[in-house]
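Here's a quick briefing on one chain and one of its helices. Have the model open while you read.

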Amino acid sequence: MLLICQIPLALAYLDPGTGSLFLQAIIGGVSAVIGAITLYWQKIKRFFKKEKKVEKLAANEGNYQDDKK
Amino acid sequence: MIRNSGSFRDPSGFVFSEQGKIYRALNDQGLNQYNDLKESGLLAKLHHKKWLVDSTFIDKSQFKLLANETKAVLAHQTIPFISYPFEWPFALLKKATLFYLDISIYALQFNMSLNDASAYNIQFIGAKPIYIDVLSFQKYQKGQYWTGHKQFCEQFLIPLLFKSKLNLSANAIYRGNLEGISREFLIKSLPFFYRFSWPMLMHIYLPEYFQKKYAKKESQLIKKQIKKNQLSKDAYLGMLKGLKRWIEKLSPTKSKHSLWLNYEINNSYDEISKKEKQQFITTFIQSTKPKLLFDLGCNQGQYANVALNADCKMVVGFDNCFDTLDKAVEMSEKKALPFLPLYSDLTNPSPNLGWQEKERDGFHKRVNGNALIALAIIHHLRLSKNIPLAQIVAWLVSIAPYGVIEFVGKKSSVMEKMLSFREDVFSDYNQTNFEKLLKNLATIKNKCILSSDDRTLYWYQRL
(Lines give C-alpha, C1' and ligand atoms only; values in the text may rest on other atoms or scores of the structure.)
Protein backbone atom coordinates (compact mmCIF):
# COMPACT_ATOMS: atom_id res chain seq x y z
CA MET A 1 0.00 0.00 0.00
CA LEU A 2 2.84 2.30 0.84
CA LEU A 3 4.25 1.85 -2.65
CA ILE A 4 0.93 2.76 -4.18
CA CYS A 5 1.02 6.05 -2.30
CA GLN A 6 4.46 6.79 -3.61
CA ILE A 7 4.18 5.57 -7.18
CA PRO A 8 1.96 7.43 -9.64
CA LEU A 9 -1.44 5.81 -10.16
CA ALA A 10 -0.75 4.44 -13.63
CA LEU A 11 2.16 2.44 -12.27
CA ALA A 12 0.20 0.96 -9.46
CA TYR A 13 -1.25 -1.92 -11.48
CA LEU A 14 2.18 -3.43 -11.91
CA ASP A 15 3.76 -5.30 -9.02
CA PRO A 16 7.22 -3.77 -8.87
CA GLY A 17 8.54 -6.43 -6.49
CA THR A 18 10.05 -5.62 -3.11
CA GLY A 19 13.43 -7.03 -4.16
CA SER A 20 13.78 -4.75 -7.18
CA LEU A 21 12.61 -1.68 -5.26
CA PHE A 22 14.87 -2.30 -2.29
CA LEU A 23 17.83 -2.75 -4.63
CA GLN A 24 17.01 0.57 -6.26
CA ALA A 25 16.59 2.18 -2.85
CA ILE A 26 20.16 1.07 -2.09
CA ILE A 27 21.40 2.28 -5.50
CA GLY A 28 19.56 5.54 -4.84
CA GLY A 29 21.15 5.85 -1.41
CA VAL A 30 24.63 4.93 -2.62
CA SER A 31 24.43 7.21 -5.65
CA ALA A 32 23.24 10.04 -3.38
CA VAL A 33 26.23 9.49 -1.09
CA ILE A 34 28.61 9.29 -4.08
CA GLY A 35 26.93 12.41 -5.49
CA ALA A 36 27.43 14.29 -2.22
CA ILE A 37 31.07 13.16 -1.94
CA THR A 38 31.70 14.17 -5.57
CA LEU A 39 30.10 17.54 -4.92
CA TYR A 40 32.24 18.20 -1.85
CA TRP A 41 35.34 16.85 -3.57
CA GLN A 42 34.78 19.25 -6.44
CA LYS A 43 34.28 22.10 -3.99
CA ILE A 44 37.56 21.21 -2.28
CA LYS A 45 39.30 20.92 -5.64
CA ARG A 46 37.87 24.24 -6.74
CA PHE A 47 39.01 25.84 -3.46
CA PHE A 48 42.61 24.71 -3.97
CA LYS A 49 42.52 25.53 -7.67
CA LYS A 50 41.33 29.00 -6.78
CA GLU A 51 44.21 29.42 -4.32
CA LYS A 52 46.67 28.17 -6.92
CA LYS A 53 45.13 30.46 -9.51
CA VAL A 54 45.46 33.45 -7.19
CA GLU A 55 49.08 32.54 -6.51
CA LYS A 56 49.74 32.10 -10.25
CA LEU A 57 48.02 35.35 -11.04
CA ALA A 58 50.04 37.09 -8.39
CA ALA A 59 53.24 35.56 -9.79
CA ASN A 60 52.26 36.60 -13.32
CA GLU A 61 51.53 40.07 -12.14
CA GLY A 62 54.95 40.09 -10.48
CA ASN A 63 56.56 39.07 -13.78
CA TYR A 64 54.63 41.76 -15.57
CA GLN A 65 55.84 44.30 -13.08
CA ASP A 66 59.40 43.00 -13.61
CA ASP A 67 59.00 43.36 -17.37
CA LYS A 68 57.82 46.85 -16.93
CA LYS A 69 60.87 47.69 -15.04
CA MET B 1 -16.48 -3.98 -32.13
CA ILE B 2 -14.31 -6.77 -30.70
CA ARG B 3 -12.48 -5.96 -27.50
CA ASN B 4 -8.94 -7.37 -27.48
CA SER B 5 -8.98 -10.10 -24.88
CA GLY B 6 -5.36 -9.43 -23.90
CA SER B 7 -6.00 -5.77 -23.13
CA PHE B 8 -7.63 -5.72 -19.71
CA ARG B 9 -4.87 -4.86 -17.23
CA ASP B 10 -4.29 -1.28 -18.26
CA PRO B 11 -6.34 1.13 -16.12
CA SER B 12 -5.97 3.86 -18.77
CA GLY B 13 -7.77 2.26 -21.69
CA PHE B 14 -8.15 -0.81 -23.85
CA VAL B 15 -7.62 -2.03 -27.40
CA PHE B 16 -10.41 -3.15 -29.70
CA SER B 17 -10.80 -3.98 -33.35
CA GLU B 18 -13.47 -3.33 -35.92
CA GLN B 19 -13.40 -4.54 -39.52
CA GLY B 20 -9.80 -5.60 -39.18
CA LYS B 21 -8.61 -2.20 -37.92
CA ILE B 22 -7.07 -1.62 -34.50
CA TYR B 23 -8.29 1.10 -32.12
CA ARG B 24 -7.55 2.15 -28.57
CA ALA B 25 -10.13 3.59 -26.23
CA LEU B 26 -8.72 6.11 -23.73
CA ASN B 27 -10.36 7.09 -20.46
CA ASP B 28 -9.54 10.33 -18.61
CA GLN B 29 -6.28 8.98 -17.26
CA GLY B 30 -5.28 7.53 -20.64
CA LEU B 31 -6.04 10.77 -22.44
CA ASN B 32 -3.91 12.69 -19.96
CA GLN B 33 -1.04 10.24 -20.43
CA TYR B 34 -1.32 10.47 -24.22
CA ASN B 35 -1.39 14.27 -24.09
CA ASP B 36 1.70 14.24 -21.84
CA LEU B 37 3.47 12.03 -24.39
CA LYS B 38 2.49 14.39 -27.18
CA GLU B 39 3.39 17.58 -25.35
CA SER B 40 6.77 16.22 -24.26
CA GLY B 41 7.74 16.01 -27.93
CA LEU B 42 8.56 12.32 -27.53
CA LEU B 43 5.56 11.04 -29.50
CA ALA B 44 6.57 12.84 -32.70
CA LYS B 45 10.18 11.71 -32.32
CA LEU B 46 9.19 8.08 -31.75
CA HIS B 47 6.90 8.16 -34.78
CA HIS B 48 9.67 9.70 -36.84
CA LYS B 49 12.08 6.95 -35.80
CA LYS B 50 9.34 4.34 -36.44
CA TRP B 51 9.83 3.08 -32.89
CA LEU B 52 6.17 3.43 -31.94
CA VAL B 53 2.99 2.40 -33.78
CA ASP B 54 1.28 5.26 -35.58
CA SER B 55 -1.75 6.60 -33.79
CA THR B 56 -4.27 9.27 -34.71
CA PHE B 57 -7.39 10.52 -32.96
CA ILE B 58 -10.62 9.38 -34.58
CA ASP B 59 -14.22 10.43 -33.95
CA LYS B 60 -15.39 8.20 -31.09
CA SER B 61 -19.10 8.61 -31.91
CA GLN B 62 -18.80 6.05 -34.73
CA PHE B 63 -18.31 3.34 -32.12
CA LYS B 64 -21.71 2.95 -30.52
CA LEU B 65 -20.83 0.32 -27.96
CA LEU B 66 -18.17 2.33 -26.14
CA ALA B 67 -18.83 3.09 -22.48
CA ASN B 68 -19.22 6.69 -21.33
CA GLU B 69 -15.86 6.62 -19.58
CA THR B 70 -14.13 6.53 -22.97
CA LYS B 71 -12.96 10.06 -23.64
CA ALA B 72 -11.13 9.54 -26.92
CA VAL B 73 -10.30 6.87 -29.48
CA LEU B 74 -7.01 6.37 -31.29
CA ALA B 75 -6.70 4.53 -34.61
CA HIS B 76 -3.51 2.46 -34.69
CA GLN B 77 -1.35 1.10 -37.45
CA THR B 78 -2.02 -2.63 -37.94
CA ILE B 79 0.80 -5.06 -37.23
CA PRO B 80 0.87 -7.73 -39.97
CA PHE B 81 1.49 -10.62 -37.57
CA ILE B 82 1.39 -10.66 -33.78
CA SER B 83 4.16 -12.77 -32.26
CA TYR B 84 4.94 -13.47 -28.64
CA PRO B 85 8.29 -13.42 -26.79
CA PHE B 86 8.20 -17.16 -26.20
CA GLU B 87 8.23 -17.59 -29.99
CA TRP B 88 11.29 -15.40 -30.49
CA PRO B 89 14.67 -16.99 -30.99
CA PHE B 90 17.58 -15.51 -29.01
CA ALA B 91 18.46 -12.97 -31.72
CA LEU B 92 14.93 -11.49 -31.72
CA LEU B 93 14.61 -11.48 -27.93
CA LYS B 94 17.95 -9.68 -27.67
CA LYS B 95 16.82 -7.14 -30.25
CA ALA B 96 13.57 -6.58 -28.34
CA THR B 97 15.48 -6.22 -25.05
CA LEU B 98 17.91 -3.64 -26.38
CA PHE B 99 15.05 -1.86 -28.10
CA TYR B 100 13.16 -1.59 -24.80
CA LEU B 101 16.26 -0.15 -23.12
CA ASP B 102 16.84 2.28 -26.00
CA ILE B 103 13.27 3.57 -25.77
CA SER B 104 13.54 3.91 -21.99
CA ILE B 105 16.82 5.84 -22.22
CA TYR B 106 15.51 8.03 -25.04
CA ALA B 107 12.24 8.75 -23.21
CA LEU B 108 14.11 10.08 -20.18
CA GLN B 109 15.61 12.81 -22.36
CA PHE B 110 12.03 14.06 -22.77
CA ASN B 111 11.26 13.65 -19.09
CA MET B 112 9.09 10.64 -19.82
CA SER B 113 9.40 7.07 -18.57
CA LEU B 114 7.91 3.66 -19.31
CA ASN B 115 5.56 2.45 -16.62
CA ASP B 116 6.06 -1.24 -17.32
CA ALA B 117 8.43 -3.62 -19.08
CA SER B 118 6.12 -6.02 -20.85
CA ALA B 119 7.80 -7.86 -23.72
CA TYR B 120 4.34 -8.30 -25.24
CA ASN B 121 4.34 -4.56 -25.96
CA ILE B 122 7.03 -5.12 -28.55
CA GLN B 123 6.20 -6.54 -31.96
CA PHE B 124 8.25 -7.15 -35.08
CA ILE B 125 7.79 -5.98 -38.63
CA GLY B 126 10.29 -8.19 -40.39
CA ALA B 127 13.17 -8.31 -37.91
CA LYS B 128 12.62 -4.69 -36.88
CA PRO B 129 11.03 -4.12 -33.46
CA ILE B 130 8.24 -1.64 -32.86
CA TYR B 131 6.59 -0.57 -29.59
CA ILE B 132 2.81 -0.95 -29.65
CA ASP B 133 1.53 0.49 -26.36
CA VAL B 134 1.20 4.28 -26.31
CA LEU B 135 -0.15 4.15 -22.76
CA SER B 136 3.08 2.73 -21.37
CA PHE B 137 4.54 6.25 -21.34
CA GLN B 138 4.10 8.70 -18.56
CA LYS B 139 5.75 11.75 -17.08
CA TYR B 140 9.00 11.07 -15.28
CA GLN B 141 8.73 12.12 -11.66
CA LYS B 142 11.84 13.22 -9.85
CA GLY B 143 13.29 10.40 -7.76
CA GLN B 144 10.95 7.70 -9.08
CA TYR B 145 12.00 4.08 -9.09
CA TRP B 146 12.09 1.91 -12.18
CA THR B 147 9.00 -0.12 -11.35
CA GLY B 148 9.41 -2.29 -14.44
CA HIS B 149 12.76 -3.71 -13.31
CA LYS B 150 11.36 -7.02 -12.03
CA GLN B 151 9.19 -7.44 -15.09
CA PHE B 152 12.14 -6.55 -17.33
CA CYS B 153 14.25 -9.26 -15.71
CA GLU B 154 11.51 -11.88 -15.97
CA GLN B 155 10.37 -11.15 -19.50
CA PHE B 156 13.60 -10.08 -21.21
CA LEU B 157 16.78 -10.66 -19.27
CA ILE B 158 16.32 -14.10 -17.71
CA PRO B 159 15.29 -15.92 -20.94
CA LEU B 160 18.39 -14.38 -22.56
CA LEU B 161 20.59 -15.56 -19.70
CA PHE B 162 19.28 -19.10 -19.97
CA LYS B 163 20.57 -19.27 -23.54
CA SER B 164 23.80 -17.34 -23.12
CA LYS B 165 24.92 -18.80 -19.79
CA LEU B 166 23.43 -22.28 -19.85
CA ASN B 167 22.83 -22.93 -23.57
CA LEU B 168 19.18 -23.62 -22.83
CA SER B 169 16.49 -22.08 -24.97
CA ALA B 170 13.85 -21.24 -22.40
CA ASN B 171 10.99 -20.68 -24.85
CA ALA B 172 8.92 -23.61 -23.57
CA ILE B 173 9.37 -22.51 -19.94
CA TYR B 174 8.46 -18.96 -20.95
CA ARG B 175 5.34 -20.17 -22.73
CA GLY B 176 4.37 -22.12 -19.64
CA ASN B 177 4.76 -19.11 -17.37
CA LEU B 178 3.57 -16.47 -19.82
CA GLU B 179 4.53 -13.54 -17.56
CA GLY B 180 8.19 -14.47 -17.78
CA ILE B 181 10.68 -16.63 -15.93
CA SER B 182 11.33 -15.99 -12.25
CA ARG B 183 14.72 -15.13 -10.80
CA GLU B 184 14.40 -18.08 -8.46
CA PHE B 185 14.12 -20.46 -11.41
CA LEU B 186 17.30 -19.07 -12.97
CA ILE B 187 19.23 -19.01 -9.68
CA LYS B 188 18.46 -22.66 -9.03
CA SER B 189 19.70 -23.54 -12.52
CA LEU B 190 22.95 -21.53 -12.39
CA PRO B 191 26.31 -22.73 -11.04
CA PHE B 192 27.43 -21.06 -7.80
CA PHE B 193 30.21 -18.93 -9.32
CA TYR B 194 27.74 -16.64 -11.11
CA ARG B 195 27.19 -15.00 -7.70
CA PHE B 196 30.52 -13.25 -8.28
CA SER B 197 29.42 -11.65 -11.52
CA TRP B 198 28.56 -8.00 -10.82
CA PRO B 199 25.57 -7.63 -13.20
CA MET B 200 24.22 -11.03 -12.12
CA LEU B 201 24.51 -9.96 -8.50
CA MET B 202 22.79 -6.65 -9.20
CA HIS B 203 19.88 -7.82 -11.29
CA ILE B 204 19.36 -11.42 -10.25
CA TYR B 205 20.83 -12.44 -6.89
CA LEU B 206 20.42 -9.30 -4.77
CA PRO B 207 16.82 -8.49 -5.76
CA GLU B 208 15.88 -12.12 -5.15
CA TYR B 209 17.61 -12.05 -1.77
CA PHE B 210 15.80 -8.85 -0.74
CA GLN B 211 12.50 -10.15 -2.12
CA LYS B 212 12.73 -13.26 0.02
CA LYS B 213 14.05 -11.49 3.07
CA TYR B 214 11.59 -8.64 3.21
CA ALA B 215 8.50 -9.51 1.17
CA LYS B 216 6.77 -11.46 3.91
CA LYS B 217 8.06 -9.55 6.90
CA GLU B 218 6.20 -6.33 6.07
CA SER B 219 9.14 -4.76 7.78
CA GLN B 220 8.71 -1.10 8.65
CA LEU B 221 12.41 -0.67 8.07
CA ILE B 222 12.25 -1.66 4.42
CA LYS B 223 9.18 0.45 3.81
CA LYS B 224 10.94 3.41 5.39
CA GLN B 225 14.06 2.73 3.38
CA ILE B 226 12.16 2.58 0.09
CA LYS B 227 10.16 5.67 0.96
CA LYS B 228 13.13 7.66 2.21
CA ASN B 229 15.50 6.96 -0.66
CA GLN B 230 14.98 8.17 -4.17
CA LEU B 231 16.53 7.02 -7.38
CA SER B 232 18.12 9.99 -9.06
CA LYS B 233 17.68 10.37 -12.80
CA ASP B 234 21.39 9.70 -13.26
CA ALA B 235 21.17 6.48 -11.26
CA TYR B 236 18.03 5.46 -13.23
CA LEU B 237 19.86 6.12 -16.48
CA GLY B 238 22.94 4.37 -15.14
CA MET B 239 20.92 1.21 -14.48
CA LEU B 240 19.45 1.25 -17.99
CA LYS B 241 22.76 1.98 -19.69
CA GLY B 242 24.63 -0.58 -17.59
CA LEU B 243 22.09 -3.24 -18.57
CA LYS B 244 22.40 -2.23 -22.20
CA ARG B 245 26.19 -2.56 -22.16
CA TRP B 246 25.92 -6.00 -20.52
CA ILE B 247 23.17 -7.34 -22.79
CA GLU B 248 24.94 -6.15 -25.94
CA LYS B 249 27.73 -8.56 -25.04
CA LEU B 250 25.45 -11.56 -24.44
CA SER B 251 25.52 -14.13 -27.19
CA PRO B 252 24.00 -17.57 -27.48
CA THR B 253 26.22 -20.51 -26.70
CA LYS B 254 26.34 -22.19 -30.09
CA SER B 255 25.39 -25.84 -30.30
CA LYS B 256 28.24 -27.81 -31.82
CA HIS B 257 25.95 -30.37 -33.39
CA SER B 258 23.07 -28.40 -34.81
CA LEU B 259 21.52 -30.66 -37.43
CA TRP B 260 19.89 -27.91 -39.45
CA LEU B 261 22.44 -25.09 -39.28
CA ASN B 262 24.15 -26.02 -42.54
CA TYR B 263 21.11 -27.53 -44.24
CA GLU B 264 21.04 -24.90 -46.94
CA ILE B 265 24.53 -25.96 -48.02
CA ASN B 266 24.52 -29.64 -47.08
CA ASN B 267 21.12 -30.73 -48.33
CA SER B 268 20.54 -33.80 -50.43
CA TYR B 269 19.46 -32.26 -53.71
CA ASP B 270 21.55 -30.73 -56.47
CA GLU B 271 21.79 -27.22 -57.94
CA ILE B 272 19.37 -27.97 -60.79
CA SER B 273 16.71 -29.17 -58.36
CA LYS B 274 17.30 -26.10 -56.23
CA LYS B 275 16.69 -23.86 -59.25
CA GLU B 276 13.55 -25.82 -60.17
CA LYS B 277 12.29 -25.37 -56.63
CA GLN B 278 13.01 -21.65 -56.67
CA GLN B 279 11.24 -21.27 -60.03
CA PHE B 280 8.18 -23.15 -58.80
CA ILE B 281 7.91 -20.94 -55.69
CA THR B 282 8.41 -17.81 -57.80
CA THR B 283 5.60 -18.79 -60.20
CA PHE B 284 3.31 -19.66 -57.27
CA ILE B 285 3.92 -16.31 -55.59
CA GLN B 286 3.60 -14.26 -58.79
CA SER B 287 0.26 -15.94 -59.54
CA THR B 288 -1.26 -15.81 -56.06
CA LYS B 289 0.34 -12.57 -54.78
CA PRO B 290 -0.12 -13.35 -51.08
CA LYS B 291 0.10 -10.45 -48.63
CA LEU B 292 1.30 -12.80 -45.93
CA LEU B 293 3.01 -16.13 -46.50
CA PHE B 294 3.76 -18.71 -43.83
CA ASP B 295 6.90 -20.72 -44.33
CA LEU B 296 6.59 -23.87 -42.23
CA GLY B 297 10.05 -25.25 -41.57
CA CYS B 298 11.67 -22.05 -42.81
CA ASN B 299 15.29 -23.00 -41.96
CA GLN B 300 17.48 -19.94 -42.63
CA GLY B 301 14.86 -18.35 -44.87
CA GLN B 302 16.20 -19.32 -48.28
CA TYR B 303 12.73 -19.79 -49.77
CA ALA B 304 11.23 -16.92 -47.80
CA ASN B 305 13.78 -14.82 -49.62
CA VAL B 306 12.73 -16.33 -52.98
CA ALA B 307 9.06 -15.56 -52.18
CA LEU B 308 9.87 -11.97 -51.20
CA ASN B 309 11.88 -11.48 -54.37
CA ALA B 310 8.86 -12.72 -56.37
CA ASP B 311 6.00 -10.54 -55.15
CA CYS B 312 5.17 -11.52 -51.61
CA LYS B 313 4.66 -8.67 -49.13
CA MET B 314 5.68 -10.44 -45.95
CA VAL B 315 6.80 -13.88 -44.79
CA VAL B 316 6.50 -15.34 -41.30
CA GLY B 317 8.65 -18.42 -40.94
CA PHE B 318 8.47 -21.17 -38.32
CA ASP B 319 11.18 -23.60 -37.37
CA ASN B 320 12.17 -25.57 -34.31
CA CYS B 321 15.94 -25.15 -34.61
CA PHE B 322 17.12 -22.15 -32.59
CA ASP B 323 20.56 -21.82 -34.18
CA THR B 324 19.03 -21.81 -37.64
CA LEU B 325 16.47 -19.23 -36.57
CA ASP B 326 19.20 -16.92 -35.30
CA LYS B 327 20.83 -17.17 -38.74
CA ALA B 328 17.48 -16.42 -40.36
CA VAL B 329 17.11 -13.29 -38.19
CA GLU B 330 20.61 -12.23 -39.21
CA MET B 331 19.74 -12.66 -42.89
CA SER B 332 16.43 -10.82 -42.53
CA GLU B 333 18.16 -7.92 -40.77
CA LYS B 334 21.08 -7.78 -43.19
CA LYS B 335 18.85 -7.64 -46.24
CA ALA B 336 16.16 -5.56 -44.46
CA LEU B 337 13.52 -8.11 -45.48
CA PRO B 338 9.92 -8.26 -44.25
CA PHE B 339 10.70 -11.74 -42.98
CA LEU B 340 9.99 -12.74 -39.38
CA PRO B 341 11.49 -16.09 -38.29
CA LEU B 342 9.79 -17.59 -35.23
CA TYR B 343 10.19 -20.65 -33.09
CA SER B 344 7.47 -23.26 -33.22
CA ASP B 345 7.29 -26.99 -32.84
CA LEU B 346 4.55 -27.57 -35.39
CA THR B 347 3.38 -30.68 -33.57
CA ASN B 348 2.96 -28.68 -30.38
CA PRO B 349 2.17 -25.13 -31.54
CA SER B 350 1.32 -22.24 -29.20
CA PRO B 351 -2.19 -22.74 -27.79
CA ASN B 352 -4.57 -20.00 -26.62
CA LEU B 353 -3.07 -18.88 -23.32
CA GLY B 354 -3.49 -16.71 -20.28
CA TRP B 355 -6.56 -15.39 -18.51
CA GLN B 356 -9.64 -17.36 -19.58
CA GLU B 357 -7.42 -18.87 -22.30
CA LYS B 358 -8.02 -15.74 -24.36
CA GLU B 359 -5.19 -13.43 -23.43
CA ARG B 360 -2.74 -14.67 -26.08
CA ASP B 361 -4.00 -16.20 -29.30
CA GLY B 362 -2.75 -19.61 -30.33
CA PHE B 363 -0.91 -20.49 -33.51
CA HIS B 364 -3.97 -21.48 -35.53
CA LYS B 365 -5.97 -18.39 -34.69
CA ARG B 366 -3.14 -16.17 -35.91
CA VAL B 367 -1.99 -18.20 -38.88
CA ASN B 368 -5.35 -18.96 -40.47
CA GLY B 369 -6.36 -17.69 -43.88
CA ASN B 370 -3.13 -16.92 -45.68
CA ALA B 371 -0.81 -18.76 -48.03
CA LEU B 372 1.79 -21.31 -46.96
CA ILE B 373 4.82 -23.16 -48.15
CA ALA B 374 5.67 -26.43 -46.42
CA LEU B 375 8.90 -27.56 -48.02
CA ALA B 376 10.28 -30.92 -46.99
CA ILE B 377 8.60 -31.10 -43.63
CA ILE B 378 5.83 -33.66 -43.99
CA HIS B 379 8.23 -36.63 -43.96
CA HIS B 380 9.52 -35.40 -40.59
CA LEU B 381 5.99 -35.10 -39.23
CA ARG B 382 5.21 -38.61 -40.48
CA LEU B 383 8.41 -40.43 -39.55
CA SER B 384 9.73 -38.55 -36.53
CA LYS B 385 6.43 -37.57 -34.95
CA ASN B 386 4.29 -40.50 -36.12
CA ILE B 387 1.44 -38.35 -37.37
CA PRO B 388 -0.72 -40.16 -39.97
CA LEU B 389 -0.32 -38.69 -43.45
CA ALA B 390 -4.07 -38.04 -43.78
CA GLN B 391 -3.94 -35.81 -40.69
CA ILE B 392 -0.88 -33.94 -41.93
CA VAL B 393 -2.50 -33.16 -45.29
CA ALA B 394 -5.82 -32.15 -43.68
CA TRP B 395 -3.97 -29.91 -41.21
CA LEU B 396 -1.96 -28.10 -43.89
CA VAL B 397 -4.98 -27.51 -46.11
CA SER B 398 -6.99 -26.28 -43.11
CA ILE B 399 -4.35 -23.65 -42.29
CA ALA B 400 -4.09 -22.00 -45.68
CA PRO B 401 -6.47 -21.89 -48.65
CA TYR B 402 -3.55 -22.21 -51.03
CA GLY B 403 0.06 -23.18 -50.83
CA VAL B 404 2.96 -25.34 -51.88
CA ILE B 405 3.80 -28.68 -50.25
CA GLU B 406 6.93 -30.65 -51.00
CA PHE B 407 6.61 -34.41 -50.89
CA VAL B 408 9.87 -36.25 -50.23
CA GLY B 409 9.66 -39.85 -51.48
CA LYS B 410 11.13 -42.91 -49.81
CA LYS B 411 13.87 -43.18 -52.44
CA SER B 412 15.27 -39.84 -51.39
CA SER B 413 18.66 -40.08 -49.65
CA VAL B 414 17.29 -38.31 -46.58
CA MET B 415 14.42 -40.81 -46.27
CA GLU B 416 16.74 -43.75 -46.78
CA LYS B 417 18.82 -42.41 -43.90
CA MET B 418 15.77 -41.90 -41.71
CA LEU B 419 14.57 -45.43 -42.36
CA SER B 420 17.96 -47.13 -42.17
CA PHE B 421 17.70 -48.12 -38.50
CA ARG B 422 14.00 -48.71 -38.18
CA GLU B 423 11.26 -50.77 -39.66
CA ASP B 424 9.19 -49.04 -42.31
CA VAL B 425 5.76 -49.04 -40.68
CA PHE B 426 4.66 -46.01 -42.68
CA SER B 427 2.67 -47.74 -45.41
CA ASP B 428 0.43 -44.67 -45.83
CA TYR B 429 3.45 -42.56 -46.71
CA ASN B 430 3.68 -42.82 -50.48
CA GLN B 431 3.15 -40.40 -53.32
CA THR B 432 -0.04 -42.01 -54.67
CA ASN B 433 -1.70 -41.82 -51.29
CA PHE B 434 -0.47 -38.27 -50.73
CA GLU B 435 -1.97 -37.12 -54.04
CA LYS B 436 -5.23 -38.94 -53.29
CA LEU B 437 -5.49 -37.30 -49.84
CA LEU B 438 -4.66 -33.87 -51.22
CA LYS B 439 -7.18 -34.20 -54.07
CA ASN B 440 -9.94 -34.99 -51.55
CA LEU B 441 -9.49 -31.54 -50.04
CA ALA B 442 -7.93 -29.39 -52.74
CA THR B 443 -7.29 -28.91 -56.41
CA ILE B 444 -3.73 -29.53 -57.51
CA LYS B 445 -3.03 -26.42 -59.56
CA ASN B 446 0.50 -27.37 -60.53
CA LYS B 447 3.08 -30.04 -59.83
CA CYS B 448 6.84 -30.29 -60.36
CA ILE B 449 8.93 -33.42 -60.03
CA LEU B 450 12.44 -32.29 -59.13
CA SER B 451 15.26 -33.73 -61.24
CA SER B 452 16.96 -35.37 -58.29
CA ASP B 453 16.33 -37.05 -54.95
CA ASP B 454 12.71 -38.21 -55.36
CA ARG B 455 11.03 -34.93 -54.46
CA THR B 456 7.81 -33.42 -55.85
CA LEU B 457 6.29 -30.01 -55.32
CA TYR B 458 2.50 -29.55 -55.22
CA TRP B 459 0.69 -26.26 -55.55
CA TYR B 460 -2.77 -26.74 -54.08
CA GLN B 461 -5.93 -24.66 -53.89
CA ARG B 462 -8.42 -25.61 -51.18
CA LEU B 463 -11.83 -26.84 -52.49
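**Helix α2 and chain B**

B:Ala44 and B:His48 are exposed (over 50% relative accessible area, with buried under 20% and partly exposed in between; 1.4 Å probe, protein chains only) on the other side of α2(B) from the buried residues listed below. This is a predicted model, where local features need pLDDT of at least 70, side-chain atom pairs count only at pLDDT 80 or more, and totals for chains, interfaces and linings use all residues. Residues are numbered from 1 along each chain as its sequence is written, chains are lettered from A and ligands numbered from 1 in the order written, and side-chain values use heavy atoms, leaving out hydrogens and water.

Around the helix:
- In α2 of chain B, residues 42-49, the buried set is B:Leu42, B:Leu43, B:Leu46 and B:His47.
- Those buried residues line one face of the helix, because they fall within an arc of 130° seen down the axis of α2(B) (the arc of directions from the helix axis to the C-beta atoms).
- Their cover includes α1 (28-39), β4 (55-58), α3 (90-109), β6 (112-114) and β9 (137-139) of chain B, going by contacts, meaning heavy atoms within 4.5 Å.
- Right after α2(B) comes B:Lys50, with a positive phi near 60°.

The whole chain:
- Chain B has 17 helices and 16 strands, which are DSSP runs (helices H or I, at least four residues; strands E, at least two) numbered from the N terminus.
- Of the 463 residues in chain B, 57% are buried.
- Roughly 75 × 60 × 40 Å is the box that the C-alpha atoms of chain B fill along the principal axes.
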